Each structure stands twice: as C-alpha cells, then as structure tokens.
Amino acid sequence: MPLLQGCGILIVGGVATGAAVIYDRRDSETVLKDQQIEFQAMQLLSQNQDISNQSRIAVTSYNRTVLLTGQAKTRGAAERFADLVSRMPEVRRVVDEVTIGPLASLTRESEDVLVTSRVKLAINEVDYPGFDAMRVKVVTEAGVVYLMGLVSPNEADAAVEKARYVPGVKKVIKVFEYVPPTSKPST
C-alpha cells in the first residue's frame, strides 16, 4: 500500500508540473531543470554542515537563475554557499540575497508565507494583454518580495505595481528576465 501511495503522489506531481508548463514561457525541460537545481542545491547545503548549521537559506531557481534568500550567521557561510551553487553545471546566474544576522523565527516565516499568498492573489488581478500570473514566481523573505519570471517589461511593471501595495510588503525586488512585449490585440 505505501508503494501505491508514492506512485499517486508522483502522478499528481507530474500533472501539476504539466499544468504549470502550459502557462509557462519556459519549456518543460527547463522547468524540470529548475526543480533539479533547487533539489541539488539543498543537498549541497545539507552536505556542508558548516554552512547549514549557521544558516537558514532557501533556494529558488527560475530559468536557471538561482535566487538565494534567508539568513546566515556569518558572511563567510553565505558567500561559500553562493559560490558552491554558482559552480553547479546548469546554473547560469546566482542572485545572493541572503542576509547576515540571526535566523528568522517561525512567526516571521509564517508572516512571509501570508505575504506571498497575498501577492500572488494581487498579481492575479493584473489586467494587461497576454499577461498570465502563473508566469510570475513570488518569494518573500522578511517582508521583501522577490518576483521572478519571463515577462515583458510592461508585465513586470504591472506585477510590481500590484505587489507593492499588498499589506506586509516592505519592498519589491525584480529578478525578472525580459521577453519582447506581446503585441496588443487589434480592435
């Protein structure tokens, strides 16, 4: 019975990934590669206990750009992990936003989850031709919202405008990659 439950999860996970690819501007291979990058980076973190014991670092990969967020007790630990991730063969770029200081409390982490949910809802309200909120990845750390995705400059501006007025958002940082603007439908 446990084996069957595992298979069900894999099937559901595959369907969820497949559904996400429909709206994504990345091809399915890149979506899977991003998931692998995140998994491998977290393995790197756990294998390097000198870093993991001094940090709470999250890894988000989008189009092979890796965003590192969270906290590290020392700059050396944060820089060492960023260097390890940058050496991973499939990683094109690392955006290191790890802050130096005490690790976030469970309360802070819960507040960030709430802010992320609110920002995702707000971005769903963007009214721009061709824009799909599923193309924007939202990461929140200590009230700072990072937006990732393949979007046009106008789509990015519209998403940021919605995100910046969400309660709990201290700042919005664009980690977007830009694609040419979609042509507006003729009337």
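Ala-142 is found in the loop between E5 and E6, and this spot in the predicted model is a pleasant place to start. The phi of Ala-142 is positive, at about 55°, although the residue is not a glycine. Most residues other than glycine have a negative phi. With a relative accessible area of 30%, Ala-142 is partly exposed, because its value falls between the limits for buried and exposed.

The loop that holds Ala-142 joins two members of a sheet. Three strands make up this open sheet, in the order E5-E6-E7, and their pairing is mixed. Strand E5 (136-141) and E7 stand at the edges; each has a single partner strand, so one side of each is left without a neighbour in the sheet. From one strand to the next, the twist averages 15°.

The mixed pairing can be followed strand by strand. E5 and E6 pair in the antiparallel sense, over six bridges, and Glu-141 stands opposite Val-144 in E6. On the other side of the pairing scheme, strand E6 (residues 144-151) and strand E7 (residues 171-178) run parallel and are joined by eight bridges. Val-144 takes part here too, with Lys-171 as its bridge partner in E7. To get from E6 to E7, the chain passes through helix H6 (residues 153-163), and this β-α-β crossover is right-handed. Helix H6 also packs on the sheet, where it touches E6 and E7. The direction of H6 makes about 160° with that of E7. A general point helps when looking at such strands: in a regular strand the side chains alternate between the two faces of the sheet.

A second loop worth a visit lies between strand E1 (55-62) and strand E2 (65-72), and Asn-63 is part of it. Is Asn-63 buried or exposed? Its relative accessibility is 16%, and Asn-63 therefore counts as buried, the cut-off being under 20%. Leaving aside neighbours within four places in sequence, Asn-63 is in contact with Arg-26, Thr-30, Asp-34, Arg-92, Leu-150 and Glu-177. Two of these contacts lead back to the sheet described above: Leu-150 falls within E6 (residues 144-151) and Glu-177 within E7 (residues 171-178).

Arg-64 is found in the loop between E1 and E2 as well. Its phi is near 65°, a positive value in a residue other than glycine. Arg-64 counts as partly exposed, because its relative accessibility is 27%.

Val-85 offers a view of another part of the chain, in helix H4 (residues 75-86). Val-85 is buried, with a relative accessible area of 0%. Which residues does Val-85 touch, not counting those up to four places away in sequence? They are Ala-41, Leu-44, Val-66, Leu-68, Val-91 and Val-94. Of these, Leu-44 shows how folding can bring residues together: Val-85 and Leu-44 are 41 residues apart in sequence, and 7.9 Å apart in space from C-alpha to C-alpha.

Finally, a word on confidence. The protein chain averages a pLDDT of 89, and 86% of the residues score at least 70. Over residues 1-19, however, the pLDDT is below 50, and this stretch has three contacts in the model beyond near neighbours in sequence. Where pLDDT is low, the predicted coordinates should not be read in detail.

Note on methods. Residues are numbered from 1 along each chain as its sequence is written. This is a predicted model: local features need pLDDT of at least 70, side-chain atom pairs count only at pLDDT 80 or more; totals for chains, interfaces and linings use all residues. Side-chain values use heavy atoms; hydrogens and water are left out. Helices (H or I, at least four residues) and strands (E, at least two) are DSSP runs, numbered from the N terminus. Buried means under 20% relative accessible area, exposed over 50%, partly exposed in between (1.4 Å probe, protein chains only). Contact means heavy atoms within 4.5 Å. pLDDT is the predictor's confidence in each residue, from 0 to 100. Two strands pair if DSSP finds at least two bridges between them. A crossover is right-handed if, with the strands pointing away from the viewer, the path from the first strand over the helix to the second runs clockwise. Axes are lines fitted to C-alpha atoms, for helices over the stretch in contact, and angles run from 0 to 180 degrees between N-to-C directions.
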